[in-house]
Amino acid sequence: MAIKNSQFIRRNRPVTSITIASVALALAYAALPGMQQTVAIVSGTELQAPLQEIATKFQENNPNIKIELKFQGSQDIVNNYIDQKNEQKPTILIPASSEFLDELRQRYTTQNNSDPFIESPQPIAKTLLVGVAWSERGKVLFPNGRFSWQRVEQAMQASNWQAIGGQKDWGSFDFMMTDPSRSNSGQVTLSLWSLSKFGGNNLNNVNFSNPTVSSLFGTIKRSVYQPPRSTDILLQEFIARAPNDADVATVYESIALSRWQQSSQNQAKPYQIYYLDPTIETVATAAVLRQNVDAATASAAKSFISYLREPEQQKVFVQHGFRPAINGVNLQGVANSPWNQNIPGVELNPSVKTVPVPKAQVQAEIQRIWQRSN
């Protein structure tokens, strides 16, 4: 009998081992009751307001998951992760555009020979690059009501408003954009401005080695004083500085819409929005990282990204001026939608062309030329 029992135990050892391994794996992916998973997110600053609102609601519904938010310029997100400069190891990255994740993947894979992401990145919200100008100044600079890179460049070269038809007491012409070495909107600004010099519908075909580009970048760099690191910071400065210190800027449509009421309150006349033609649609995209992220934290991170893409949370993005990343959300049907507030220049469906986002190699070339310009 003892021999039979011994044989039975030996025969069942593989089954027992498999069972233990299965239980251990399940525990790794599912947080134990009472244990809190911390999901550290580094996002572009343009998403700060909606993400903070959504994260608060998510944590109320998921007390075992803590969301920690940090905000940086999109290029900074890539550089800081690759160079390991973040104070806390991030779980999720959400730059302004998926192209930054493509750049990160290329750089990370070269260094580590592995994919940095656990699964395919997911689109979270969309927006466009637009121009903003104080109403009176915009009427002089853009007499036909359409944004013009050529007119902005002429104003830069003239350096004062009187030379381009403005009033003498308006003083110097002051243009604002973000730092292209740190921010997506600054890179997109230079991309579209360069495209206006050569025409066409594909930034990847622009010859950035052409002297025309370096000359343009030099003109812009001499005219832009200490460009901010992020788009939301830029627009806050634009509103605070007001006409005579800030006249025209390029920002995301989302930021322009969400801060329009602030400009209306701070200044006698709020700014006007101008759609660029062509423009670039920027898609904020979230990715769960592989490095230093255990299975349970990764599971919590995936659940938060799925939550961001649900219709109710997409409506929160709309309330903050973003366009939804999923179908079925009506911009005008959302409560407190900025598309229902009669904001000057805003269009539900802008009649402009959209060109592809430049590839990572083109963005790198734009940064290189900008840094060498003087």
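This passage describes strand E1, its pairing partners and the nonpolar cores of a predicted model.

Strand E1, which spans residues 37–44, is mostly covered, with 7 of its 8 residues buried. Pairing with two further strands was found for E1. With strand E2 (residues 65–72), E1 runs parallel, and the two are joined by 8 bridges. Within this pairing, Thr-38 has Lys-66 of E2 as its bridge partner. Strand E3, formed by residues 92–94, also pairs with E1 in the parallel sense, here over 3 bridges. Ile-92 of E3 is the bridge partner of Ile-41. The connection from E1 to E2 involves helix H2 (residues 48–61): E1, H2 and E2 together make a right-handed β-α-β unit.

The largest nonpolar core comprises 41 residues, of which Ile-92, Ile-94, Phe-304 and Phe-317 touch the most other members. Helix H12 (residues 295–308) supplies the largest share of this core, namely 7 residues. A second core, of 38 residues, lies apart from the largest one and includes Phe-142, Ala-155, Ile-164 and Met-177.

The surroundings of Phe-304 link these descriptions. When neighbours within four places in sequence are left aside, Phe-304 is in contact with Ile-41, Ile-54, Ala-55, Phe-58, Ile-67 and Ile-92. Among these contacts, Ile-41 and Ile-92 are the residues that form a bridge pair between E1 and E3. Ile-92 is, like Phe-304, one of the core residues that touch the most other members.

Note on methods. Residues numbered from 1 in each chain as written. Predicted model: local features only at pLDDT ≥ 70, side-chain atom pairs only at ≥ 80, totals over all residues. Heavy atoms only, no water. Buried < 20%, exposed > 50% of the residue type's maximum accessible area, 1.4 Å probe, protein only. Helix = DSSP H or I, 4+ residues; strand = E, 2+ residues; numbered from the N terminus. Pairing = 2+ DSSP bridges. Right-handed = clockwise from strand over helix to strand, strands pointing away. Core = buried A, V, L, I, M, F, W, Y, C linked by side-chain atoms within 4.5 Å. Contact = heavy atoms within 4.5 Å.
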